[in-house]
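Here is a walk through some charged and aromatic side chains. Have the sequence and the model open side by side as you read.

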Amino acid sequence: MEVLKEKVEEEEAAEREEAAERAERGEKIMRPSEIRKEGTIMTQEMLRDLKKKLSEIEITVPGRDSIISEDTVDTSNLPLSYQSNTPKEEHLLQVADNFSRQYSHLCPDRVPLFLHPLNECKVPKFVSTTIRPTLMPYPELYNWDSCAQFVADFLSMVPLSDPLKPPAHLYSSTTVITYQKGNCFDFSTLLCSMLIGSGYDAYCVNGYGSQDLCHMDLTREVCPLTVKPKEIVQEKEMAPPKKYSVKPPRDLSSRFEKEQEMKKQEGIRAEEERRLRKEEVRLQDLVFDLGDPVRWEYLLLGTDKPYLSVTEEDDSDLNDEDDEDNLGKEEEDKSFDMPHSWVEQIEISPEAFETRCPNGKKVIHYKRAKLEKWTPYLNSNGLVCRLSTYRDLECTQTLEIKEWYQNREDMLELKHINEITGLVIDYFKPGHPQALRVHSYTSMQPETDRIMEFYEKARVDGLIKREETPKTMTEYYQGRADFLSYRHVNFGPRVKKLTLNSAESNPRPMVKITERFFRNPAKPADEDVAERAFLILEERIQLRYHCREDYITASKREFLQRTDVDSKGNKIIMTPDMCISFEVEPMEYTKKLLYQYEAMMQLKNEEKLSRHQAWESELEVLEILKLLEEEEAAHTLTISIYDTKRNEKSREHREAMERVMHEEHMRQVEAQLDYLAPFLAQLLPGEKLTRGQAVRLKDECLSDFKQRLIDKANLIQARFEKETQELQKKQQWYQENQVTLTAEDEDLYLSYCSQAMFRIRILEQRLNRHKELAPLKYLALEEKLHKDPRLVEFLRGYV
């Protein structure tokens, strides 16, 4: 145990002046370390005077500060180490008390040391023995940051009654975990025990902090979840300016406004830095070098760290031989081993680790934000975390809400709600039935503004994103065999019909379909379509092909569709004016009417296919919206097969297995029963068994067993006949009332018949099996009786 010994310049000056005055009077003051080193040269009178002064020092004990009332702590079930001290612990308390008195004597203006507070059983314990290094069986608690976050979530903060004094009670970590609340000392003790168990070199420091820090008040701090990570901006390589490039527009922004904004931001940063420096003023002078004898004093000997050195003035009065002997005796007499921790092994059950927060919920208030946490499966919709950000410091005007979900069957992971614009963004994990990844919308009604993003590798059509408005629908693709990358559909006003006005029965008419394609390297650029537009109302098809390398223009074609027959019924032949084209490299075959006619016929078929695919996309949107509404209403949660407490099927299977095992055990116990005991009880006590009695016992036992087999067969037969009669009555009732029965009554009748037939078949099987096994069981019992050691002598040779 090491105690912090701060050196302040004013106190050092005062000590030097006092030492000088005492030196003039011929007196000498010694530090505890010097007393320890020079104890052999001190006179008995000096020791008695020092002992008297130390005994007169009164150590102030902090006031009562129990975070848990004494009535709620059941100390009767606590181990013996909690309720009493061992001799070694008593010795350590005496050493600590002696050290505390010396410290108060040398530093009377300092705060008393926190060395031996009371535990929950009102027993003084040395503060270091309250630390119980424990390695938790959860990998999440192996790192310091996740371990600290767990302690912060697991415990509820209870402020000290006097913020300037340490508590009088320092409870064990096992009690703190049981009640899930504690003060800053309890937080530190539990966290230090867990960190040391995980291999960290951790210590608890008793000092002062800001009020916000001590009360866990984060209302002045920015929520970490609202801080966006800094994006690494990569400088783009500037292309060399071209000779005839267009000059960029002039920057018309005000330079004065920019300078004022920069000054404002610098002022905000300076104020934040001043606040941080002010909070660290208790920490700036501390040097945690425990081997520095100037700043740290040791309470116990036996440490490997260097001791305080003895001055040359003191060395001159010592003899070398006496010095070696005395040092050897000192090390031998005053070496002390720290006793083991009196706290039991710290255990956190899997249920408590999963529940995490007290009562499964915790609320943390930040600056303009509120963070709510729930344990998994506590909310029926799978909500585990909600972050609400506000516009004002009073947290009355909501800006946006973020909700995190777990174990959702629809794979919903995050919901982002913007309260100002009404925009909702749902994020899904892989595994959604429609491979949905992100859904952005303002309303769940169809034919409104929305964006759907998909996991393209999980879809056969390679759809990446679909954007929908009341008048348009745009889709983006990747990895398709037809190299389609983009489809944009324009819709016209819906025609009113007398039928049900639904999107499926009355779809929106398509006005224009625009499609774009990636480059197909297997085709020449002049024959590889880059974009095509189907102008449905105008009956036109526009094509734009990919551009050749080192070319600045691309080929274009436009087909004018006409009806296949004229007004007189004559078939229309392809005419040159039905195809308008611009060819970068004209080819002879492209000018032929046959080529143009075949191309137009193929485009007509592709137009029908594109319209059908667009219609299927509309239906898919309706299907996804319907599925999302059903999932939001049901919000079914997935339960692991290994979660035997929540998984109903797993629990039923386990109960069935336990029932089968119990029945098997009962059969084994029944088989081990003495089948002759009821018949041997008929004999008088001490009466010896004769041959006639043995034969009579055998016959009675077989007769009784035969009768039981017959009774069992009769019982099964009676149940079989009863079930058959009830089924016949039910069938007769159905024949009489068949006309007046409702559909629900017929379903009940069919269900009854199915169950009755099942019971009848089971009883029939049991009866047949009993008839087959009864003779075998009878013969087996007869054989056992012949081999029974109590009857074998009398039944030998008897048939």
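## Charges and rings

K712 has a relative accessibility of 40%, so this lysine counts as partly exposed. Keep in mind that the model is predicted. K712 sits in helix α17, and on the surface it joins R719, R766, R769 and K777 in a patch of positive charge. Two helices, α17 (691–737) and α18 (743–787), each put at least two residues into that patch. The largest share, three residues, comes from α18.

Now for the opposite charges that meet. Side chains of opposite charge can pair when their charged atoms come close. The structure has 40 salt bridges, and here are three of them, with the gap between N and O atoms.

| Acidic residue | Basic residue | N to O distance |
|---|---|---|
| E531 | R516 | 3.3 Å |
| D526 | R548 | 2.7 Å |
| E700 | R696 | 3.2 Å |

Take E531 and R516 to begin with. E531 belongs to strand β17 (residues 529–535) and R516 to strand β16 (residues 510–517), so their bridge ties together parts 15 residues apart in sequence. Both ends are partly exposed: E531 has a relative accessible area of 22%, while R516 comes in at 37%.

D526 and R548 also form a salt bridge. This pair links distant parts of the chain, with D526 in the loop between β16 and β17 and R548 in the loop between β18 (540–545) and β19 (556–560), 22 residues apart. Are these two side chains buried or exposed? D526 counts as buried because its relative accessibility is 10%, under the 20% cut-off. R548, at 28%, is partly exposed.

The E700 and R696 bridge stays inside helix α17, where the two residues are four apart, about one turn of the helix. E700 is partly exposed at 26%, and R696 is partly exposed at 34%. Elsewhere, salt bridges with shared partners join R459, D461, R466, E475, R487, E515, R532, E606 and E620 into one network.

On to the rings. There are seven aromatic pairs in the whole structure. One of them is Y138 with F353, a stacked pair with 4.0 Å between centres and 0° between planes. That pair spans distant parts of the chain: Y138 is in the loop between α5 (87–106) and α6 (144–154), F353 is in helix α13 (residues 350–355), and 215 residues separate them. Y138 and F353 are both buried. Ring pairs also bring in F150 and F154, making a cluster with Y138 and F353.

Conventions: Residues numbered from 1 in each chain as written. Predicted model: local features only at pLDDT ≥ 70, side-chain atom pairs only at ≥ 80, totals over all residues. Heavy atoms only, no water. Patch = residues over 30% accessible without salt bridge, like charges linked within 9 Å, V, L, I, M, F, W, Y side chains within 5 Å. Areas by Shrake-Rupley, 256 points an atom, 1.4 Å probe, with all protein chains shown as cover. Salt bridge = Lys/Arg side-chain N within 4 Å of Asp/Glu carboxyl O. Lys, Arg positive; Asp, Glu negative; His and termini not counted. Charge placed at Lys NZ, Arg CZ, Asp CG, Glu CD. Buried < 20%, exposed > 50% of the residue type's maximum accessible area, 1.4 Å probe, protein only. Phe/Tyr/Trp six-rings, centres within 6.5 Å; stacked < 30°, edge-to-face > 60°.
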